[in-house]
Amino acid sequence: MTTAVPTDADLDALARDLGARLQAARQMLVTAESCTGGWIAKCMTDIPGSSAWFDCGMVAYSYEAKQALLGVRPQTLEQFGAVSRETAVEMVSGALVHSGATLAVAVTGIAGPGGGSPDKPVGSVWIGWKRRGGYARAELFRFAGDREAVRRQTVAAALAGLLRQLEDAPA
């Protein structure tokens with residue numbers, strides 16, 4: 001995989017591929033987004049006919065929104081912070097609970113330019129994926145670049161991970 005920042009055309013191609021695979025597999029997608037601010041949902045709903053496989057998207061930026069919309073526990077946020085494996089797992093699980101979807105993605109990270117720390121520098125992003133009835137999986141990414149670059153790379157990684165989830169699906 002290249003380190004180049006994905007273009008709009010790259011993101012559109014990923015979203016179109018994912019949409020076709022979701023429709024073929026009769027799956028519905030939900031997104032739970034923090035640092036991307038709804039960009040994943042935008043990419044998906046830019047595609048005509050996306051209502052056949054896109055259920056909903058939730059932008060939960062604040063701690064309060066993560067708790068109210070996605071069921072993230074206050075203790076999780078207090079102990080691990082918003083940018084953590086634990087929060088990503090609770091976000092992706094909550095997205096499935098609060099939707100009619102069968103596949104979910106959640107993103108939480110530090111897009112910058114500020115907000116980073118030595119243990120969680122700018123560009124740190126946790127992405128979680130989960131299928132209804134399955135176990136959540138979360139991965140830490142360290143993206144380089146400015147706020148726009150970090151967010152674009154996050155969207156691309158989230159979409160690519162969803163494609164992998166569909167490939168790994170039981171027949």
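This tour moves through a predicted model, stop by stop, naming what to select and what is found there.

**Stop 1: the main nonpolar core**

Begin by selecting Leu18, Leu22, Leu29, Met44, Ile127, Leu159 and Leu162, which have the most contacts inside the largest nonpolar core, a set of 32 residues. Next, colour the elements that give two or more residues to this core: helix H1 (8-24), helix H2 (39-45), strand E3 (103-109), strand E4 (124-131) and helix H6 (147-167). Of these, H6 supplies the largest share, 9 residues.

Centre the view on Leu18. Not counting residues up to four places away in sequence, Leu18 touches Leu29, Met44, Leu159, Leu162, Leu163 and Leu166. A second core, separate from the one just shown, has 16 residues; Val30, Ala60, Leu77 and Met91 are among them.

**Stop 2: two residues of helix H6**

Select Ala158, which lies in helix H6. Is Ala158 buried or exposed? Its relative accessible area is 0%, so Ala158 is buried. Display the surroundings of Ala158, leaving aside neighbours within four places in sequence: the residues in contact are Ile40, Val105, Val107, Ile127 and Trp129. For a distance across the model, draw a line between the C-alpha atoms of Ala158 and Ala52; the two residues are 20 Å apart in space and 106 residues apart in sequence.

Now move along to Gln165, also a residue of helix H6. Gln165 counts as buried because its relative accessibility is 11%, and the cut-off for that class is under 20%. Which residues are in contact with Gln165, once neighbours within four places in sequence are left aside? They are Leu103, Trp129, Lys130, Arg131 and Arg137.

**Stop 3: the E4-E5 hairpin**

Trp129 and Arg137, both in contact with Gln165, lead to the next selection. Show E4 together with strand E5 (residues 137-142); the two strands pair in the antiparallel sense over 6 bridges. Within this pairing, Trp129 stands opposite Arg137 in E5. E4 and E5 form a hairpin with 5 residues between them. In the turn, select Gly133 and inspect its backbone: phi is positive, about 85 degrees.

**Stop 4: salt bridges**

Side chains of opposite charge can pair when their charged atoms come close. The structure holds 8 salt bridges, and three of them are visited here.

Select Asp12 and Arg16. Their closest N and O atoms are 2.9 Å apart, and the two residues form a salt bridge. Both lie in helix H1, 4 residues apart, about one turn of the helix. Asp12 is partly exposed at 29% relative accessibility, and Arg16 is partly exposed at 41%.

Next, select Glu167 and Arg21, a salt bridge in which the closest N and O atoms are 2.9 Å apart. Why does this pair tie together parts that are 146 residues apart in sequence? Glu167 lies in helix H6, whereas Arg21 lies in helix H1, so the bridge links those parts. Glu167 counts as exposed at 52% relative accessibility, while Arg21 counts as partly exposed at 34%.

Then select Arg152 and Glu148, whose side chains meet in a salt bridge with an N to O distance of 2.9 Å. These residues are 4 residues apart in helix H6, so about one helical turn separates them. Arg152 counts as buried at 12% relative accessibility, and Glu148 counts as partly exposed at 40%. Add Asp8 to the selection: salt bridges that share partners join Asp8, Glu148 and Arg152 into one network.

**Stop 5: helix H5**

Select residues 85-97, which make up helix H5. This helix has 13 residues and reaches 18 Å from its first C-alpha to its last, close to the 18 Å expected at 1.5 Å a residue. Its buried residues are Thr87, Ala88, Glu90, Met91, Val92, Ser93, Gly94, Ala95 and Leu96. Met91 also belongs to the second core shown at the first stop.

**Stop 6: the cysteines**

Finally, select Cys35 and Cys43. How many disulfides does a search of the whole structure find? The count is 0. The cysteine sulfur closest to that of Cys35 is in Cys43, at 13 Å, and this is too far for a bond. Cys43, likewise, is in no disulfide. Cys35 counts as buried at 3% relative accessibility, and Cys43 is buried with a relative accessible area of 7%.

Methods
Residues are numbered from 1 along each chain as its sequence is written. This is a predicted model: local features need pLDDT of at least 70, side-chain atom pairs count only at pLDDT 80 or more; totals for chains, interfaces and linings use all residues. Side-chain values use heavy atoms; hydrogens and water are left out. A nonpolar core is a set of buried Ala, Val, Leu, Ile, Met, Phe, Trp, Tyr and Cys residues joined through side-chain atoms within 4.5 Å. Buried means under 20% relative accessible area, exposed over 50%, partly exposed in between (1.4 Å probe, protein chains only). Contact means heavy atoms within 4.5 Å. A salt bridge is a side-chain nitrogen of Lys or Arg within 4 Å of a carboxyl oxygen of Asp or Glu. Two strands pair if DSSP finds at least two bridges between them. The expected span of a helix is 1.5 Å times one less than its number of residues. A disulfide is a pair of cysteine sulfur atoms within 2.5 Å.
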